[in-house]
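Work through the three exercises below with the model open. Each task is followed by a stepwise solution.

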Amino acid sequence: MRLIRAKDYQDVSRKAANIIASVIQLKPDCVLGLATGSSPVGTYKELIAKYESGELDFSQVKTVNLDEYVGLPKDHDQSYAYFMRTNLFDHVNIDQSGCNIPNGMNPDAEAECARYDAVIDAFGGADLQLLGLGPNGHIGFNEPADAFVKPTNKIALTKATIDANARFFASRDDVPKFAYTMGIGGIMKAKRVLLVVSGKGKAQAVKDCFFGPICPQAPGSILQLHPDFTLVADEDALSLVADQL
Ligand code: GLP
């Protein structure tokens, strides 16, 4: 694990965007694994600024997103498809026909998960997978469990995740109860993994996942085994492990 220490959220975003930009510059037709949530929003803003200044060209970039809520159509303002369009895709010159996200409206979970794994396999995994970290240590929507799940799967969101994401919906009852998520296998297939984390609310998850044992109860801990894993974390997110740095 390579740890890049940042001052605050903005610094995390700048440092992460620089890493992603270098991947695009070295390989203009790269495959980016992308994430949603508030953590990567600043990174996407920095990437948009680099595109606008002429530093980056997304025309050959392909993408594969981590997850999608089951039952939300792609035009729903809380779907991850909508999130990606409004936070990145609509602002850069990417060909959106090459942007892949699980289809939350496919009622056939087995078929949808198999389809998505075929997409990931056809790419041979992402060149770089960007991740956030759930307050309970989840990556994508791989929630704490008794075992790591390798393939793309339909997962029941934990109460903690529903609570954490309720802020984006009109009421807690509106939060979908299930999601399709790339599994641990798809994430680990990426050639490089970059996780961005910021704030005191994530400090316990950072400690459990990256400074503790590798176990499925802390799903992000599997990244300790990835050969090219970079953690970009700010002071608050590292506040519970300061004595170990
Ligand atoms: C969501 C997403 C994750 C994300 C996490 C943290 O549930 N499925 O991919 O990393 O929660 O979100 P945030 O960055 O808003 O804290």
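**Exercise 1. Find the polar side-chain atoms of R167, K202 and S39 that lie close to oxygen atoms of the ligand, and give the distances.**

Solution. This is a predicted model.
- Step 1: Start at R167. One of its polar side-chain atoms is 3.3 Å from a ligand oxygen.
- Step 2: Move to K202. Here a polar side-chain atom and an oxygen of the ligand are 2.7 Å apart.
- Step 3: Go to S39. An N or O atom of its side chain sits 2.5 Å from a ligand oxygen.
- Step 4: Check the cover. The ligand alone exposes 400 Å², and the protein buries 95% of that.
- Step 5: List the surroundings. The ligand has 14 residues around it, and S38, S39, D67, F141 and K202 are the closest.

**Exercise 2. Describe the packing of α2 against α3.**

Solution.
- Step 1: Locate the helices. α2 covers residues 41–52 and α3 covers residues 80–87.
- Step 2: Take the geometry. The angle is about 40 degrees, and the axes are 10 Å apart.
- Step 3: Classify. Angles under 35 degrees would count as roughly parallel, and 65 to 115 as roughly perpendicular. The two helices are therefore oblique to each other.
- Step 4: Name the contacts. V41, Y44 and I48 of α2 meet F83, M84 and N87 of α3.
- Step 5: Sort these residues. Five are nonpolar, one is polar and none is charged.

**Exercise 3. Place Q78 and trace its contacts.**

Solution.
- Step 1: Find Q78 in the loop between β4 (67–69) and α3.
- Step 2: Follow its side chain. It reaches the backbone oxygen of F168 at 3.0 Å.
- Step 3: Set aside neighbours within four places in sequence. Q78 then contacts Y69, L72, F168 and F169.

Notes:
Residues are numbered from 1 along each chain as its sequence is written. This is a predicted model: local features need pLDDT of at least 70, side-chain atom pairs count only at pLDDT 80 or more; totals for chains, interfaces and linings use all residues. Side-chain values use heavy atoms; hydrogens and water are left out. Axes are lines fitted to C-alpha atoms, for helices over the stretch in contact, and angles run from 0 to 180 degrees between N-to-C directions. Helices (H or I, at least four residues) and strands (E, at least two) are DSSP runs, numbered from the N terminus. Angles under 35 degrees count as roughly parallel, over 145 as roughly antiparallel, 65 to 115 as roughly perpendicular and the rest as oblique. Contact means heavy atoms within 4.5 Å. Ala, Val, Leu, Ile, Met, Phe, Trp, Tyr, Cys and Pro count as nonpolar, Asp, Glu, Lys and Arg as charged, and the others, Gly among them, as polar. A polar contact is a pair of N or O atoms within 3.5 Å; within protein, one must be able to donate a hydrogen and the other to accept it, and residues adjacent in sequence count only if both atoms are side-chain atoms. A residue is near a molecule or strand if one of its heavy atoms lies within 4 Å of it. Accessible areas come from the Shrake-Rupley method with a 1.4 Å probe; for residues, only the protein chains shown count as cover.
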